[in-house]
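Visitor: I have the sequence and the coordinates open, and I would like to walk through them with someone. Could you show me around?

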There are 2 protein chains.
Amino acid sequence: MSNKKENSGSKAMEPLAIGIDIGGTGTKYGIVDRVGNILFSGEMSTRNHPTVEPFIDELYECIAPFIEQAGGVGRIKGIGIGAPNGNYYMNTIEHAANLPWKGIIPFGKMMEDKFKLPVVLTNDANAAAIGEMMYGAAQDMHDFIMITLGTGVGSGIVANGKLIYGHDGFAGELGHTIIVPDGRYHEGTGKRGSLESYASATGVRLNALEFLEKSDKPSILRNIPKEKIDSKQVYVAAKEGDELAKEIFDYTGKILGMALANFVMFSNPEAIILFGGLTKSGDFILKPTRDHMEANLIQVFQNKVKILVSHLKESDAAILGASALVWEMN
Amino acid sequence: MSNKKENSGSKAMEPLAIGIDIGGTGTKYGIVDRVGNILFSGEMSTRNHPTVEPFIDELYECIAPFIEQAGGVGRIKGIGIGAPNGNYYMNTIEHAANLPWKGIIPFGKMMEDKFKLPVVLTNDANAAAIGEMMYGAAQDMHDFIMITLGTGVGSGIVANGKLIYGHDGFAGELGHTIIVPDGRYHEGTGKRGSLESYASATGVRLNALEFLEKSDKPSILRNIPKEKIDSKQVYVAAKEGDELAKEIFDYTGKILGMALANFVMFSNPEAIILFGGLTKSGDFILKPTRDHMEANLIQVFQNKVKILVSHLKESDAAILGASALVWEMN
């Protein structure tokens, strides 16, 4: 679709986009050109802003100097924002469990008023899916599912070449689908047994604590204080041959694979693209995920769907995805 | 979009479509005009044809006289077919668990050769979804899910105003999504815990047998020989106030509601349209289904998604849906 080569001759004339990715902990922002070069970028805290107005004020202070350096506001086509529970139709962030701001936030409108630029907003994983379609592993794909495995589990679904936003703008909340009926409680949503409770970084930590409790197996994870065990520690242990750590990934992959099978039987994608911290555990997580996905698929879907890991640099992908929304604007 | 009034003045000139719905037991066929009038229709056995060629021969014998009466083959625009595991892209029926014909059947091609007419083929529930969009409860909807609750569970998904066929033409096999990990075995697929194993007519029968076995509660269902218990008997018992029969529907609704919540969190539809024998049990099944769907939805989806029962006549809907495929042909 496009490539990353700079066309410096016409560069000064080309429009640019601002991409902003709002996460529970931090917010990344950048100024991006049409072919995916990030000209300026930075990061600030989300968590330190219990109310939204000072957050937007600080974001403006951070980005305004870059806008000037990039040639002024006239050169910016718009602002694309990826945010948890972002509503594409309403330009709002609604009841986001992982953000400090509760209720329905007219975030898009507030940003437009502050920056005097058009704003398009969707959930962070939808933005990542558009980024992947424009610059990443999903180029030329018409049917794929993007799954982000970070602190939580996000998703963006493309079918018939278009992102599915759904009737109310909230499609693609696959992290909250129920995989284990009456299963583990999710603090953020109050629901039980969701994919996110098991197959996120947080989920792997909880899986590890459960396995350490239930099993008598020796494990180097037992040398780590419980409050310090996280998905990275489990990965390090598995790499050193720790059997229990491998079982923890097998279990995580069983849940994730079952969920992916369900998603395949929904929209029959060409590929599922995984992104985020958990993918760094490589085949420890990917192999059981593939195996259990295949085991739960009915025959017509078997051995057809690729599971790919995004090859976009994590720090860039969120900004690229959010900025890509701008090029899709009318 | 359209209505059922006849326009008899121009009727003789208007093109017609043949709609064929292939089920595990019987096959329905009809000749339909653009606004949904079924001019001729009939039914024949599927089950009595262990091989596909004699089946197509008999189907031709059945339909050919109607084609003549309708003004000859020149007036027919094409044939639309709904069939289990129908592949829209390949015009094949592939590994359909409920049909007598195994493997990959080039059904569309065989029909084209026999009838000398263009053929379009998709899974039966996809056809039903298109019928619902053209003549039924989904008129003017851009995002909805059609679920057929018959002997099995079928589905058709419309997003952004288009049916999702997926990369390989098999999207919308929601009956095979896993709802109860390691749950009930499905004879047809060899998988465990799928929606179809619990929330189809077959599933309700199995739920009933399980409840009769596990519980000591008195029930008029205990007066019926086990092999004769089916979903209709459970409905009749529930209507007479039988507590165990109601519990069986509550359980079925719990599973179905959980599954529908997952589907909502996937594509965020405006409505879920239910169709098929099980919907005749009315609120015995619909109320627990609605309650459990809402209970499993995260906040942004709650109290938004309508669960509707199709108001198309069951005998007509399958033919209408299949014929509607023809009007969508290029």
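**A guided look at the model**

Guide: Gladly! Let us begin with an open sheet of three strands in chain A, ordered E5-E6-E7 with antiparallel pairing. Two strands pair here if DSSP finds at least two bridges between them, while helices (H or I, at least four residues) and strands (E, at least two) are DSSP runs numbered from the N terminus. This is a predicted model, in which local features need pLDDT of at least 70, side-chain atom pairs count only at pLDDT 80 or more, and totals for chains, interfaces and linings use all residues. Residues are numbered from 1 along each chain as its sequence is written, and chains are lettered from A and ligands numbered from 1 in the order in which they are written.

Visitor: Which strands of chain A stand at the edges of that sheet?

Guide: Each edge strand has a single partner strand, so one side of it is left without a neighbour in the sheet. The edge strands are E5 (86–87) and E7 (104–105) of chain A.

Visitor: In E7(A), what is the bridge partner of A:Glu94?

Guide: Strand E6 (residues 92–94) of chain A pairs with E7(A) in the antiparallel sense, over two bridges. In E7(A), the residue that partners A:Glu94 is A:Ile104.

Visitor: Over in chain B, how many residues of strand E10 are buried?

Guide: A residue is buried if 20 or more other C-beta atoms lie within 10 Å of its own, exposed if 12 or fewer, and partly exposed in between, with C-beta atoms placed from the backbone. B:Val153, B:Ser155, B:Ile157 and B:Ala159 point one way from E10(B), B:Gly154, B:Gly156 and B:Val158 point the other way, and all are buried. For strand E10 (residues 153–159) of chain B, the count is seven of seven.

Visitor: Which residue stands opposite B:Thr148?

Guide: Strand E9 (residues 144–149) of chain B runs antiparallel to E10(B), joined to it by six bridges. A hairpin of three residues links E9(B) to E10(B). Opposite B:Thr148, in E10(B), is B:Gly154.

Visitor: Which residue takes a positive phi in the hairpin of E10(B) and E11(B)?

Guide: E10(B) pairs with strand E11 (residues 162–163) of chain B in the antiparallel sense, over two bridges, and B:Ala159 stands opposite B:Lys162. The hairpin has two residues between the strands, and the one with a phi near 50° is B:Asn160.

Visitor: What span should helix H7 of chain B have?

Guide: The expected span is 1.5 Å times one less than the number of residues. H7(B) (residues 243–267) has 25 residues, of which 20 are buried. The end C-alpha atoms are 36 Å apart, which agrees with the expected 36 Å.

Visitor: What radius of gyration does chain A have?

Guide: The rule for a globule is 2.2 Å times the number of residues to the power 0.38, and the radius is taken over C-alpha atoms. With 330 residues, a compact globule would come out near 20 Å, which agrees with the value for chain A, 20 Å.

Visitor: Which element gives the most to the side of chain A that touches chain B?

Guide: Counting C-beta atoms, placed from the backbone, within 7 Å as a contact, 38 residues of chain A are in contact with 38 residues of chain B. The elements giving two or more residues to this side of chain A are strand E10 (153–159) and helix H7 (243–267) of chain A. With six residues, the element that gives the most is H7(A).

Key:
Contact = placed C-beta atoms within 7 Å.
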